[in-house]
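Trainee: I'd like to learn how to read this structure. Could you walk me through it, one feature at a time?

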Amino acid sequence: MPELPEVETTRRGISSYILHHKVHAFKVREPRLRWPVPTALAKILPGQRIDSIKRRAKYLLLGAETGTLIIHLGMSGSLHIVAAKLAPETHDHVDIIMDNGQCLRLRDPRRFGAVLWTTQDPCQHPLLRHIGPEPLTKSFSGNYLYRASRKRRCAIKTLLMNARIVAGVGNIYANEALYHAGIRPGWAAGRLSHQDCGALATAVKSTLKQAIRAGGTTLKDFTNSVGQPGYFGQSLQVYGRQDRPCMRCASPIKRKIIAQRASYYCPKCQS
DNA sequence: ATGGGCACCTGGCTGC
DNA sequence: TGCAGCCAGGTGCCCA
């Protein structure tokens with residue numbers, strides 16, 4: 001479900017319900033996520049005010065008074081604001097109940113997500129320390145991408161999805177951005193021209209911005225924090241459109257596995 | 001240092 | 001209707 005726009009949509013959606021509010025209780029029904037959810041949080045968090053809600057790559061960072069809660073939604077996670085007394089459903093693993101009666105509820109059927117705690121600068125946490133620039137900032141540019149891709153022999157799509165190169169570009173938006181830039185996903189990264197890199201950096205930014213504006217992509221059942229779907233799914237040009245006509249030239253869209261991930265491209269527009 | 005492959009886990013869909 | 005097989009938005013880790 002969640003790529004960067006979905007995580008950003010979630011961040012914005014939950015902020016007004018929990019920012020500057022105190023945690024009343026922290027409940028874990030299923031601690032077996034990607035890493036065990038620290039059960040000590042049930043003692044640590046209550047009484048602490050949430051002072052900030054940030055995002056770094058696809059990680060949500062809830063700043064409390066003595067530390068930061070690091071939340072990752074994995075492949076299938078979602079966060080919703082519900083009334084604290086609403087009965088949990090099957091995959092509702094963690095509740096953060098606020099003193100205003102609202103509850104931030106984590107649902108994650110596949111349990112690839114994570115809820116961790118750090119008392120250090122969260123950006124220095126081992127999981128975040130090596131993450132590259134945020135794609136929507138100036139530090140991610142055509143120049144940067146050109147330099148970062150030199151002597152790289154992996155596919156450009158694989159490089160785009162490498163968090164050390166650029167933060168938070170997942171499979172859907174890597175496919176979409178490459179289509180918009182007219183670049184084949186399987187091309188060796190190191191062979192892109194300076195101009196290609198400029199077009200690609202621009203396409204990554206515009207694709208992500210457009211998706212955030214639309215409230216994320218609805219595939220299967222993604223909904224935002226108050227249960228509304230995202231509408232970017234209607235804007236997807238290539239992702240999931242194997243054999244269907246390219247929206248620009250009508251050639252059938254091709255599907256190819258690159259680094260174990262489904263990749264889609266127009267054989268004519270991306271040449 | 002880089003890149004390839006695997007692992008974690010459940011649910012939904014397809015085809016027999 | 002049942003069941004096997006395949007697929008899925010992420011990413012850390014191990015190995016060559």
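Mentor: Let's begin with a definition: a salt bridge is a side-chain nitrogen of Lys or Arg within 4 Å of a carboxyl oxygen of Asp or Glu. Before we use it, note that this is a predicted model, where local features need pLDDT of at least 70, side-chain atom pairs count only at pLDDT 80 or more, and totals for chains, interfaces and linings use all residues. Residues are numbered from 1 along each chain as its sequence is written, chains are lettered from A and ligands numbered from 1 in the order in which they are written, and side-chain values use heavy atoms, with hydrogens and water left out.

Trainee: How many salt bridges does that rule give?

Mentor: The count comes to 11. As a general idea, side chains of opposite charge can pair when their charged atoms come close. Take Arg107 and Asp92: their closest N and O atoms are 2.6 Å apart, which makes a salt bridge. This pair links distant parts of the chain, with Arg107 in strand β7 and Asp92 in strand β6, 15 residues apart. Strands (E, at least two residues) and helices (H or I, at least four) are DSSP runs, numbered from the N terminus.

Trainee: Is Asp92 buried or exposed?

Mentor: Buried means under 20% relative accessible area, exposed over 50%, and partly exposed in between (1.4 Å probe, protein chains only). Asp92 has 3%, so it is buried. Arg107, at 30%, counts as partly exposed.

Trainee: Which other residue forms a salt bridge with Arg107?

Mentor: Glu89 does, with the closest N and O atoms 3.9 Å apart. Glu89 sits in the loop between β5 (78-83) and β6 (92-98), 18 residues from Arg107. At 52%, Glu89 is exposed. Elsewhere, Glu8, Arg11, Arg12, Arg55, Arg56 and Glu134 are linked in a network of salt bridges.

Trainee: What should the span of helix α1 be?

Mentor: The expected span of a helix is 1.5 Å times one less than its number of residues. Helix α1 (residues 4-18) has 15 residues, so it should span 21 Å, and its end C-alpha atoms are indeed 21 Å apart. Its buried residues include Leu4, Val7, Ile14 and Ile18. Just after α1, His20 takes a positive phi of about 70°.

Trainee: Which residues are around DNA strand B?

Mentor: A residue is near a strand if one of its heavy atoms lies within 4 Å of it. Here they are His91, Pro109, Arg110, Arg111, Phe112, Arg152, Arg153, Cys154 and Gln260. Of the DNA strand B atoms within 4 Å of the protein, 59% belong to sugar or phosphate and the rest to bases. A polar side-chain atom of Arg111 lies 2.8 Å from a phosphate oxygen of DNA strand B. For Arg153, a backbone N or O atom lies 2.8 Å from a phosphate oxygen of that strand.

Trainee: How many aromatic pairs are there?

Mentor: Rings of Phe, Tyr and Trp (its six-membered ring) pair if their centres lie within 6.5 Å; planes under 30 degrees apart count as stacked, over 60 as edge-to-face and the rest as tilted. The whole structure has 2 such pairs. In one, the rings of Phe140 and Tyr144 have centres 6.1 Å apart and planes at 65°, so the pair is edge-to-face. Tyr239 and Tyr264 are also edge-to-face, 5.4 Å centre to centre, with 65° between the planes.

Key:
A polar contact is a pair of N or O atoms within 3.5 Å; within protein, one must be able to donate a hydrogen and the other to accept it, and residues adjacent in sequence count only if both atoms are side-chain atoms.
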